[in-house]
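Please read the following briefing alongside the sequence and the coordinates. It begins with the chain as a whole and then turns to individual residues and to a pocket.

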Amino acid sequence: RESAGVWSDDDDDPTLLGSLTYDGVFMVTRSAVDLGDAASLRRARASCVTFLDIAVPQLSNKTRVFQTYATTSHDLPNVLAAVAQCGVTFPSLLRTTRPWSCCARYV
C-alpha cells in the first residue's frame, strides 16, 4: 500500500487509484474472509474504509472520472470493482439502492 493507505499505480500521487487498487482490496478482503478471524476482518474493514474515503470523492467528481479513470480500459473498472469488493465483504460500508456484486465470485 502507498503512504495514503491505498493501492496506487502512481508513485507521484499515492491517492491515484487504478488497476492495483482492485488487486490490493481483493487480496486483503479475501484473505481476511478465508482466515475468518476477527483481527484480520477488522484490518480488512479498516483498509476498505480508508480506500472508500479516497475513492468516493474521486468517483463523485465527473471531471476526475473522465480525465483520469476513463482514459484507459483498466482503471475505472478496477476502481469500481474494488468498491464492489468492499461492499460485498462489508455491506454496511456502502449505502446504495441495490446490493453491490463483483466479477470475482469465489465460494
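**Overall picture**

The accessible surface of the protein chain comes to about 6,500 Å², of which 54% belongs to carbon and sulfur atoms, with areas obtained by the Shrake-Rupley method with a 1.4 Å probe and, for residues, only the protein chains shown counting as cover. This is a predicted model, in which local features need pLDDT of at least 70 and side-chain atom pairs count only at pLDDT 80 or more, whereas totals for chains, interfaces and linings use all residues. Residues are numbered from 1 along each chain as its sequence is written, and side-chain values use heavy atoms, with hydrogens and water left out.

**Fold and burial**

- The secondary structure of the protein chain consists of four helices and zero strands, where helices (H or I, at least four residues) and strands (E, at least two) are DSSP runs numbered from the N terminus.
- Read along the sequence, the protein chain has the pattern α-α-α-α.
- Of the 107 residues of the protein chain, 36% count as buried, a term that stands for under 20% relative accessible area, with exposed meaning over 50% and partly exposed what lies in between (1.4 Å probe, protein chains only).
- Among contacts (heavy atoms within 4.5 Å) in the protein chain between residues at least 6 apart in sequence, 53% join residues at least 24 apart.

**Helix α1 and its aromatic pair**

- The count of aromatic pairs comes to one, under a rule by which rings of Phe, Tyr and Trp (its six-membered ring) pair if their centres lie within 6.5 Å, with planes under 30 degrees apart counted as stacked, over 60 as edge-to-face and the rest as tilted.
- The pair is formed by Tyr-22 and Phe-26, whose ring centres are 5.8 Å apart and whose planes stand at 45°, so the pair is tilted.
- Both Tyr-22 and Phe-26 belong to helix α1 (residues 19–35), where they are four residues apart, about one turn of the helix.
- Tyr-22 is buried, with a relative accessible area of 9%, and Phe-26 also counts as buried, at 18% relative accessibility.
- Met-27, which is found in helix α1 as well, is exposed, with a relative accessible area of 51%.
- The C-alpha atoms of Met-27 and Ala-44 are 9.3 Å apart in space, while the two residues are 17 apart in sequence.

**Residues of helix α2**

- Ser-40 is found in helix α2 and is buried, with a relative accessible area of 9%.
- Not counting residues up to four places away in sequence, Ser-40 touches Ala-32 and Leu-35.
- A separation of 8.5 Å lies between the C-alpha atoms of Ser-40 and Val-28, which are twelve residues apart along the chain.
- Leu-52 lies in helix α2, which covers residues 38–59, and counts as buried because its relative accessibility is 8%.
- Leaving aside neighbours within four places in sequence, Leu-52 is in contact with Pro-57, Val-83, Cys-86, Leu-93 and Leu-94.
- For Leu-52 and Leu-94, 42 residues apart along the chain, the C-alpha atoms are separated by 9.0 Å.
- Gln-58, in helix α2 too, is buried, with a relative accessible area of 9%.
- With residues up to four places away in sequence not counted, Gln-58 touches Thr-15, Leu-17, Arg-64, Val-65 and Tyr-69.

**The largest pocket**

- About 150 Å³ of space lies in the largest pocket, a pocket being, on a 1 Å grid over the protein atoms alone, an open set of points where a 1.4 Å probe fits, with protein on both sides within 12 Å along at least five of seven lines, and its lining residues having an atom within 4 Å of a point.
- The volume is the space filled by probe spheres set on the grid points, which are joined across faces, edges and corners.
- The largest pocket is lined by Leu-52, Val-56, Leu-59, Leu-80, Val-83, Leu-93, Leu-94, Arg-95, Thr-96 and Trp-100.
- Helices α2 and α4 (75–89) each supply at least two residues of this lining, and the largest share, three residues, comes from α2.
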